[in-house]
Amino acid sequence: MSDNEIPIAALIYDPVKYKMITYDHNRELSTYDPTAHAEILAIRKACSILKKKRLDGYAMIVNVAPCLLCLEAIKSARIREVHYLFSNHNPERKTIKLPKLIQHNSEEENLLKIFFREKRLK
């Protein structure tokens with residue numbers, strides 16, 4: 001781990017078989033990637049190892065409560081439970097502004113709607 005990386009680690013395991021699948025740690029600075037949080041990296045590795053898009057039934061252990069970015073990734077991965085040791089009270093995060101979201105309307109039918117409609121018909 002880089003000397004300046006935030007020391008957060010995450011581990012994914014099968015709580016039924018008591019088997020560790022993978023673990024990782026923050027790599028934001030070393031990879032120049034703001035999404036390279038321990039939880040997200042561990043999810044990516046576990047999905048690759050298990051050859052699954054979702055981690056239904058698996059659990060995660062992390063030393064600090066996940067941030068909102070990681071919670072959304074954990075939710076999307078369908079991880080059943082997250083165990084953590086310390087709360088994540090960082091007042092500096094509150095000063096980060098959300099980007100302005102601008103929706104552009106179109107008369108054309110949304111390509112995603114077409115894609116999913118065709119999937120349902122098959």
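A salt bridge here is a side-chain nitrogen of Lys or Arg within 4 Å of a carboxyl oxygen of Asp or Glu. Keep that in mind for the close-ups below, and note that this is a predicted model.

**View 1. Glu72 and Lys75 pair up within helix H3.** Glu72 makes a salt bridge with Lys75, and their closest N and O atoms sit 3.4 Å apart. The two are three residues apart in helix H3, so about one helical turn separates them. How accessible is Glu72? Its relative accessible area is 45%, making Glu72 partly exposed. Lys75, at 54% relative accessibility, counts as exposed. This pair belongs to a set of three salt bridges in the structure.

**View 2. Asp24, Arg27 and Lys45 share a network of salt bridges.** Start with Asp24, whose side chain meets that of Arg27 at 2.9 Å, N to O. Asp24 also meets Lys45 in a salt bridge, this time at 3.4 Å, N to O. Asp24 lies in strand S2 and Lys45 in helix H2 (residues 38-50), so this pair ties together parts that are 21 residues apart in sequence. Is Asp24 buried or exposed? With a relative accessible area of 5%, Asp24 is buried. Its two partners are partly exposed: Arg27 has 29% relative accessibility, and Lys45 has 35%. As a general point, side chains of opposite charge can pair when their charged atoms come close.

**View 3. Strands S1 and S2 make a hairpin.** S1 covers residues 9-14 and S2 covers residues 19-25, and the two run antiparallel with six bridges between them. Look for Asp14, whose bridge partner in S2 is Lys19. Four residues lie between the two strands. One of the turn residues to pick out is Tyr18, which has a positive phi of about 50°.

**View 4. Strand S3 pairs with S1 and with S4.** What is the sense of the pairing between S1 and S3? These strands are antiparallel, with four bridges, and S3 takes in residues 59-64. Across this pairing, Leu11 stands opposite Ile61 in S3. S3 also pairs with S4 (residues 81-86), here in the parallel sense and over five bridges. In that pairing, Met60 stands opposite Val82 in S4. To get from S3 to S4, the chain passes through helix H3 (residues 68-77), giving a right-handed β-α-β crossover. That's the helix from the first view, where Glu72 and Lys75 are found.

Notes. Residues are numbered from 1 along each chain as its sequence is written. This is a predicted model: local features need pLDDT of at least 70, side-chain atom pairs count only at pLDDT 80 or more; totals for chains, interfaces and linings use all residues. Side-chain values use heavy atoms; hydrogens and water are left out. Two strands pair if DSSP finds at least two bridges between them. A crossover is right-handed if, with the strands pointing away from the viewer, the path from the first strand over the helix to the second runs clockwise. Buried means under 20% relative accessible area, exposed over 50%, partly exposed in between (1.4 Å probe, protein chains only).
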